[in-house]
Every structure is written in structure tokens, then in C-alpha cells.
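Here is a predicted model to get to know. Let's ask how a few labels are earned.

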Amino acid sequence: MSKNISLDLYKIFCVVVKSGNMSAAAKELFISQPAVSMSIHQLEEKIGTPLLIRTSRGIRMTPEGAVLYEYLEKAIGLIDLAERKYEQMVNMEMGELKINAGGTVITHYLLPYLKKYIDNYPEVTVKVGNGSSEQSLKQLRSGEVDFCFINLPFDEDTSDLEITECIKIHGCVVGGAKYKDLAKEGVLLKDLEKHNLILLDKNSNTRKFFDYQAGLRGKTFNPVMEIDSTDLILELVKANLGITITFRELVDIDNETMFELPCDITAPERSIGLARLKNVTLSTAAQRFVEMLENE
């Protein structure tokens, strides 16, 4: 049997079988009856056996035609379904967006974008994971997420990534209402530990950055607590259990429960970047989110 049989011939064959005669099939296909007859004739020639028997009441299938139709109907049904699903995804009527970022990045940077995206595309499923830059990149490289957000600069090899800077961030020291006076007086780097310094654990990219800045000034941090969650640290700071070093743009400094404490540690600005794998095409759902960020 020839392998070069047009899918259109198969589709016409199925429509003829379903409609019961050539005339009805022609109307459904918006082509002439002779064109339908010619297509069936071409298909039978390519296959090498009759598929339909013409009668005064219409058509009926030969045994070979019945077997062929049984499988073609399912196959064409799946093709039609695939086309519909594809169109739905392209038109954002369905799909899935999977991203990963740190909790503070989600809360203080991504939240308004996520809300806008969900409002615009309610049929798309949005999955947001919470993790460090290292954890986020691990999920990106394993294909678990479409893209992720990381702190820049990043020490490890990123040659396999396409990274776009999204927002610049600046280091600062913050404390709760208990430290309100220090918001006016300021605090020296050498005195930070006198106020119960709480920091991220030593393995985090952010902690490594601040440790490095302190080291440039001959200082080593010895915090009273090391925690792996910035959000939890900020809650402890609001509860007046200590102070922390964080990034100004990623914390709610409301001057009621949280105050910025001027400090002589002047860390250079950093940034949050969107990381995606090079040479990997994003889904329509993911691409729309990236375009929204770029437009903003």
C-alpha cells in the first residue's frame, strides 16, 4: 500500500461514510459531487481495493472499507481534537504557566503581574513555586518550570541560560517598631550584632552576597538566628526579635511595623532576573507572561 496517501482523501472517505451518499458529503465538504467521487476513486486506486459499493440508496462499505473506516474515524477524531486544543492554547483559552521564585520576589514584585495575567487569561492554569535561586534553577533545568526568577549576579555557570534583568534591588538594614529610634540615628556595621542580627542561612545566594560585602570591610557576621526563609525573617523582625539585612524593594517598609535603619554598609545594587533555558521555545502561555513583563 502506498504511504503517500493524502489525509484529505481519508477525511473525504469518512465524511462519505457518515453522510451515507456522495451528494450529502459534497454539501458538508463544500465541494462538488464529482470532486467527492474522484477523491474516493483516487483513494481506492492508491489502496488497491474497493472501499465503497454504490447502490440506488446510497453507498455501503466493503469489508475492507469497514476496517479502514473503523480506525480512520478514531484517528481523524484525535487529529481534530489536537487541532482544537492547539487553537485553544494559542488563543489562551487553555494552557499552563509554571514559574518559580523566592517568596519575597513573588509578594513584592510578581504579585501584580500574576493578578493581571490571571484576570486576562482566566482559563490558563498558573502554578507558582517558592524557592531560592539555586532551587529555582534546578527546577528550570529539569523542565519542571517554564522560567524562574533569580538574584543577580549569580555565582554559578549560567551559560545555558537566557537571563533578562527585571528590577534593580538595593541592600538595606530593617528593624521593627522596637528599633524606631535607630531609623533616625542609624546603626554601624560593627554594631549590627548588638541588636540581635537575623540572617538567611549561609548557603543562600543573598547571604553569600552580604557576607562578601562585610568581608570587604573586615567584618564577619555572627547572627543570633539563621533561617532559610526571608518571609519568616521579616515576620520575626516585625515581632521585634531582631534586625536583618535585606533588599529595600522586596520588603514593606511602612514606618509602623518595619523601619529602614541607615547603615554604613553600602552594598552595590543587585537585580532580579528572569531566567529561561536557551534554545527552548516557550509555550504560548509562558510567552504571554514574558511579553507582559517586557511591556511593563
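**Cysteines and strands**

Q: Why is C148 called buried?
A: C148 has 0% relative accessibility, and buried means under 20% (over 50% is exposed, in between is partly exposed; 1.4 Å probe, protein chains only), so C148 counts as buried. C14, at 5% relative accessibility, therefore counts as buried too.

Q: How do you know how many disulfides there are?
A: A disulfide is a pair of cysteine sulfur atoms within 2.5 Å, and by this rule the count comes to 0. For C148, the nearest cysteine sulfur belongs to C166 and is 11 Å away, and C148 is in no disulfide.

Q: What makes β4 and β6 edge strands?
A: Strands are DSSP runs of E, at least two residues, numbered from the N terminus, and two of them pair if DSSP finds at least two bridges between them. The open sheet has 5 strands in the order β4-β3-β5-β12-β6, with mixed pairing. Both β4 (125–130) and β6 (161–169) pair on one side only, so they are the edges.

Q: Why do β3 and β5 count as paired?
A: There are 2 bridges between β3 (residues 96–101) and β5 (residues 147–152), and at least two are needed, so they pair. The two strands run parallel. I99 has F147, in β5, as its bridge partner.

A word on the ground rules: residues are numbered from 1 along each chain as its sequence is written. Local features need pLDDT of at least 70, side-chain atom pairs count only at pLDDT 80 or more, totals for chains, interfaces and linings use all residues, and side-chain values use heavy atoms, leaving out hydrogens and water.

Technical notes: Helix = DSSP H or I, 4+ residues; strand = E, 2+ residues; numbered from the N terminus.
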